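Q: Please take a close look at one part of this model and then set that part in the context of the chains. A plain account will do.

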Amino acid sequence: MKFTEEHEWLRPEGDIVVVGITEHATEQLGDLVFVELPEVGSTVAKDDEIVVIESVKAASDICAPIDGEIVEINETLVDNPALANEDPLGDGWFFKIRPADASQMDGYMDEAAYKAMIE
Amino acid sequence: MDERQGVKVSDLSRTPLYDLHVELGAKMVPFAGYEMPVQYKLGVMKEHLHTRDKAGLFDVSHMGQVIVTGTDYAAAAAALETLIPVNIAGLGENRQRYGLFTTPEGGISDDLMLTNRGDHVFLVVNAACKEADIAHLKTLEPAVTVTPITDRALIALQGPASEEVLAALDPKAADMAFMDVATLTLDGAECWVSRSGYTGEDGYEISVPEAAAEALARKLLAHDAVEPIGLGARDSLRLEAGLCLYGHDIDTETTPAEAALSWAIQTVRRIGGAREGGFPGDETILAQLETGAGKTRVGLRPEGRAPMREGVPLFAAEEGGDPIGQITSGGFGPSVEGPVAMGYLPTELTAEGTTVFGELRGRRVPVTVTALPFVPARFKRKPAKVQQA
């Protein structure tokens, strides 16, 4: 599992990658009340703003951490954004992406490095 | 109330409950010159729902408490009526009323609560405005004496379980009706208590000597029904209740009629009333009560789940045209389970059910004009007097 400085996590599952936001991010944001996810089948580039989230406090954008094609989105999260607060690393995932170049993930942090960053 | 951005923590004041907030795991933020709890461990959503379901305890000690004394209540009331377009002279003893400070241009320089406490008037004003309000009040001296109360905390207990919780400390709490005021002995401390609040729920606001505030707060929190509630949920609760936030929904640029606060100006202060006018901006304000205002504050329900926040422009049509108004406060309503907002629209577009459009991330989303409050108020009102035949 890899982590970005923007508090996203990336978990490879076979040839796709599941993406969500970390518990630290959800604690900072507060309760999520709205999530807008990209369209399945869309091609996205690293750093494109592809997700909009709104918490009780403010709106934030989530960027694509890598280039690729969106192959699945978490429809349940759209109906119940609180899932991201309750289970950020599990049921609160955002989207699954098929990487155009999996080596783009190499530069991201492992869990120990991420934990060190947020401390 | 308005947040001051970029202030150093060292410049901020702390309320008598600061240590308790930290102990309870609050996230502290700068607000109106104070370090205040924005949320506790439950988080904004659960704190909001808990308040509507049971009871929440709020620290509102940052608000200004002021006593105005004259030769008697009538003298203090008469002086205050020159600044506030409200029937203060006719307010019953131990009763509370909502009021406004108006500007010579007809705008609103703050909103406040006024209480007849027998021989004086007790005022609660917004934190961000209190210095200006006190200076404004002091223009009434020497006819009256204006005394800021700086040695008392202010806490609010809000929600349907509030009566049971407070009556356990002083049974007289149960005898109070909405907007009644009493001096109660709570945990040994002399408290000035009103049955009112800022959530749309039944509840109390309690002015307590600062030395006794933490012990009283702990006593209230020890009750199973009570959780500490931060400013985040305070904002979503008041928004669902349709109550104005000064500096956002109302300010010096909005008049009482525009703000849909005409109800706050009683007949006796209006044109033809026994004490007509005699307050700043009276000509503009009273004329507007008769003829109506060009724009009006309304409740708004955006379609879908995305919150529309302060500053979102409103349009008459899905495409083209200039903005016709804007949202002045908005967010997600946990009890409504959807986005709720308030804003100003041209009065001809303020009929309930009218659809306008709010621009969110470049898209125009339908917004429906909705009656306020978004959730029914649950005050314990005095039973109406039965008419004698």
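The answer below starts from one residue and works outward.

A: The model is predicted. The part chosen is R297(B), which lies in strand β14 of chain B, a strand covering residues 295-302.

R297(B) is buried, yet a salt bridge is absent. The nearest side chain of opposite charge belongs to D249(B), and the distance to D249(B) is 6.2 Å. A salt bridge needs a side-chain nitrogen of Lys or Arg within 4 Å of a carboxyl oxygen of Asp or Glu. The side chain of R297(B) does reach a backbone atom: the oxygen of A259(B), at 2.7 Å.

The contacts of R297(B), leaving out residues up to four places away in sequence, fall on several stretches of chain B. Among them are G242(B), C244(B) and D249(B). R297(B) also touches the run E258(B), A259(B), A260(B) and L261(B), so A259(B) appears both as a contact and as the residue whose backbone oxygen is reached by the side chain. Further along the sequence, R297(B) touches M342(B), G343(B) and Y344(B), and also L372(B). D249(B), the nearest side chain of opposite charge, is likewise on the contact list.

Just ahead of strand β14 is G294(B), in the loop that joins α8 (282-291) to β14 in chain B. Is G294(B) buried or exposed? G294(B) is exposed, because its relative accessible area is 56% and the cut-off for exposed is over 50%. R297(B), by contrast, is buried. With residues up to four places away in sequence set aside, G294(B) touches L345(B), P346(B) and T347(B). R297(B) touches Y344(B), and G294(B) touches L345(B). As for R97(B), it is 197 residues from G294(B) in sequence and 27 Å from it in space, C-alpha to C-alpha.

The chain around this part can be described briefly. Chain B has eight helices and 19 strands. The radius of gyration of chain B is 21 Å, close to the 21 Å that the globule rule gives for 389 residues, so chain B is as compact as a globular protein of that length. Along the principal axes, its C-alpha trace spans about 65 × 55 × 50 Å. Of the 389 residues in chain B, 58% are buried, R297(B) being one that is buried. Among contacts in chain B between residues at least 6 apart in sequence, 65% join residues at least 24 apart. Chain B exposes about 15900 Å², and 51% of that is supplied by carbon and sulfur atoms.

Chain A gives a second case of a side chain reaching a backbone oxygen. N74(A) sits in the loop between β8 (68-73) and α2 (75-79) of chain A. N74(A) counts as buried because its relative accessibility is 4%. Its side chain reaches the backbone oxygen of W93(A) at 2.8 Å. Neighbours within four places in sequence aside, N74(A) is in contact with L37(A), D91(A), G92(A), W93(A) and F94(A). Chain A itself comes to four helices and nine strands. Of its 119 residues, 46% count as buried.

Conventions:
Residues numbered from 1 in each chain as written. Chains lettered and ligands numbered in written order. Predicted model: local features only at pLDDT ≥ 70, side-chain atom pairs only at ≥ 80, totals over all residues. Heavy atoms only, no water. Helix = DSSP H or I, 4+ residues; strand = E, 2+ residues; numbered from the N terminus. Buried < 20%, exposed > 50% of the residue type's maximum accessible area, 1.4 Å probe, protein only. Lys, Arg positive; Asp, Glu negative; His and termini not counted. Polar contact = N/O pair within 3.5 Å; in protein donor to acceptor, adjacent residues only side chain to side chain. Contact = heavy atoms within 4.5 Å. Rg over C-alpha atoms; globule rule 2.2 N^0.38 Å. Areas by Shrake-Rupley, 256 points an atom, 1.4 Å probe, with all protein chains shown as cover.
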